[in-house]
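Reader: Could you walk me through one strand and its neighbours up close, then take a quick look at the helices?

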Amino acid sequence: MSEIDINLTLNGEEVSARAEPRMLASDFLRERLRRTGTHVGCEHGVCGACTIRLDGVTARACLLFAAQLNGARVETVEGLGTVRDLHPIQEAFRRRHALQCGFCTPGFLMTVAEILDTLPLRTDAEIRDALSGNLCRCTGYEHIVRAVRDLVDARDGVSA
């Protein structure tokens, strides 16, 4: 099968690469563009480890074809921050110990980036509901909810 050109804006940078039309977006990001923060878990869109933002909206990279990224604006966890300059979401997760093995963390971070922009998240139950599409086998979610609560309080100007 012949490869096609895929041009996209990835974390604010114009990039292009070639891929077979049937290649999954998760594999394209990891293998062709070397953005390995997009993890591949269940490959059925259930676990959320491969969550990216596609034109500002979260999407499961394992359920998309690479060709669907052509012309799109894609954000991966690598676009949030760096080891030396953590994004506030990453800092909240670090401060609240909201990760253990870290496998699910990139998907959670990308989900949190979207829900902070789009949902009021007035209660912890609303936070849990908003995060319900991401699975974690290690943390028990308590620390993740606390990290998001801190972010919501900071967003809404609530003092601790």
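Author: Let's start at the end of strand S3: leucine 54 sits opposite valine 57 of S4. On S5, valine 74 is also opposite leucine 54. This is a predicted model, where local features need pLDDT of at least 70, side-chain atom pairs count only at pLDDT 80 or more, and totals for chains, interfaces and linings use all residues. Numbering runs from 1 along each chain as its sequence is written, and side-chain values use heavy atoms, with hydrogens and water left out.

S3 covers residues 51-54 and is joined to S4 (residues 57-60) by 4 bridges, running antiparallel; strands pair if DSSP finds at least two bridges between them. The two make a hairpin with 2 residues in between, and aspartate 55 in that turn has a positive phi of about 50°. S5 (residues 73-75) pairs with S3 too, antiparallel over 2 bridges. Thr51 and Arg53 point one way from S3, Ile52 and Leu54 the other, and all are buried (under 20% relative accessible area, 1.4 Å probe, protein chains only). Strands (E, at least two residues) and helices (H or I, at least four) are DSSP runs, numbered from the N terminus.

Now the helices. In H2 (residues 88-95), Ile89, Gln90, Ala92 and Phe93 are buried. They lie on the same side of H2, because they cover an arc of only 160° around the axis, taken from the directions from the axis to the C-beta atoms. Helices H3 (105-118) and H5 (142-156) are among what covers them. After H2 comes histidine 97, with a positive phi near 55°, while H5 is followed by glycine 157, whose positive phi is near 75°.

Terms used:
Buried < 20%, exposed > 50% of the residue type's maximum accessible area, 1.4 Å probe, protein only. Contact = heavy atoms within 4.5 Å.
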